[in-house]
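Visitor: Please put the structure up, and then let me ask about it.

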Amino acid sequence: MNTTTTCCLIELKKPGYLVRNLPLLGIHDVHVRTLAGSISIGAELPQWLEQDMTETDYGYPLETGYESYGKVLAVGEAVQTVKPGDRVVGFYGHQDQAVVPESKVILVPAYVSPREALLLILSCDAAKGVRKLTLRPTRES
């Protein structure tokens, strides 16, 4: 398992895959195999339509995604928060596996389903938007 397959846009509205070598596992890294992923209408749809306000140059191929749910296969010797066999949400996009820094994974308790774990990240995005509104309680007259 020295390679990873990544979902991407090959060109406008044309999905495809890239296969490339995985980086070596560093002392602070976690090797994760993807079990489930999510597609965000707020992220992938604008990329699909070339309407992503954060993208200034659509250099194809364009990788998609930002979070996945997976199983930890291996950890570097300095990793302290997860161990092989743990389930995590990781920030590495739509790949079948990845080697990422420990800081890019969140341990998922056994009682939390993959669907709920992935919703955690999307719910966090919504909460950030509500927080930016700085809503305050009002008194009714």
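The questions below cover the strands, then the cores.

Guide: This is a predicted model, where local features need pLDDT of at least 70, side-chain atom pairs count only at pLDDT 80 or more, and totals for chains, interfaces and linings use all residues. Residues are numbered from 1 along each chain as its sequence is written, and side-chain values use heavy atoms, with hydrogens and water left out.

Visitor: Which residue in S2 is the bridge partner of Thr-5?

Guide: Strands are DSSP runs of E, at least two residues, numbered from the N terminus. S1 (residues 3-11) pairs with S2 (residues 14-21) in the antiparallel sense over eight bridges; pairing takes at least two DSSP bridges. Thr-6 bridges to Leu-18 in S2. For Thr-5, the partner in S2 is Val-19.

Visitor: Which are the edge strands?

Guide: The open sheet has three strands, paired antiparallel, in the order S2-S1-S4. An edge strand here pairs on one side only. The edges are S2 and S4 (62-63).

Visitor: Which strands each supply at least two residues of the largest nonpolar core?

Guide: A nonpolar core joins buried Ala, Val, Leu, Ile, Met, Phe, Trp, Tyr and Cys residues through side-chain atoms within 4.5 Å. Buried means under 20% relative accessible area (1.4 Å probe, protein chains only). The largest core has ten residues, including Val-30, Val-32, Ala-98 and Val-100. The strands are S3 (29-37) and S7 (97-101).

Visitor: How many residues are in the second core?

Guide: This core is separate. Among its members are Tyr-69, Val-89, Val-108 and Leu-118. The count is five residues.

Conventions: Buried means under 20% relative accessible area, exposed over 50%, partly exposed in between (1.4 Å probe, protein chains only). Helices (H or I, at least four residues) and strands (E, at least two) are DSSP runs, numbered from the N terminus.
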